[in-house]
Amino acid sequence: MAIYDKLLQVQKSVHSVTKQGYNSFSKYEYATYADVLDAVREKLEELGLVLTVTVSPLENTFTFTDDGKYYTVSSCVATATLTDTEDQSFIEITAPGMSMSKQDDKACFKAVTGAKKYAVLGLFNLDTDGADPESDAITVEKDDTRGARTKPPASVPRTSRPARSNDEF
């Protein structure tokens, strides 16, 4: 079986990732990197596929807010590689990661973990169950005269940043 056929088998067997993580500060559930790996691990082993994820380069910049608070901004790119043990064929996908924190090491690890998680989610075209807390809660509304347009719900303030989907990663 070719590697793309095996990838399809993984995608057919796993449709979403259950959220096991909880952010007590912002009060939302999220899928951890471990949750994503656990969702695909058994099927990968069954099909003789090996998943490796590498991260590079990691860049740190520093910024101050208007009120004088110091933050570290970390960014990186993760590459998820799916290799078939039968013929060593492989598929790769990349995903960006970025984080800002008052703690240097926390910003770094949040960026790395996020990039790795989204690279694997993208490789297998997986979704996390339920609403995504990282979204801007943007909905698409049909307007017969102008086509589709984005409109935030009444409870979400409008931003000048365009809506993004997971497909862009």
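Student: Leaving aside its neighbours within four places in sequence, which residues is Val 10 in contact with?

Tutor: With contact meaning heavy atoms within 4.5 Å, Val 10 touches Val 40, Lys 43, Leu 44, Leu 47, Leu 49 and Phe 124. This is a predicted model in which local features need pLDDT (the predictor's confidence in each residue, from 0 to 100) of at least 70 and side-chain atom pairs count only at pLDDT 80 or more, while totals for chains, interfaces and linings use all residues. Residues are numbered from 1 along each chain as its sequence is written, and side-chain values use heavy atoms, with hydrogens and water left out.

Student: Why is the pair of Tyr 28 and Tyr 30 called edge-to-face?

Tutor: Rings of Phe, Tyr and Trp (its six-membered ring) pair if their centres lie within 6.5 Å, and planes under 30 degrees apart count as stacked, over 60 as edge-to-face and the rest as tilted. The centres of Tyr 28 and Tyr 30 are 6.1 Å apart and their planes stand at 65°, so the pair is edge-to-face.

Student: Why, then, are Phe 62 and Tyr 70 described as stacked?

Tutor: Their ring centres are 5.8 Å apart and their planes lie at 10°, so this pair counts as stacked. Ring pairs also link Phe 62, Phe 64 and Tyr 70 into a cluster.

Student: What makes Phe 62 partly exposed?

Tutor: Buried means under 20% relative accessible area, exposed over 50%, and partly exposed in between (1.4 Å probe, protein chains only). Phe 62 has a relative accessible area of 49%, and is therefore partly exposed; Tyr 70, at 34% relative accessibility, also counts as partly exposed.
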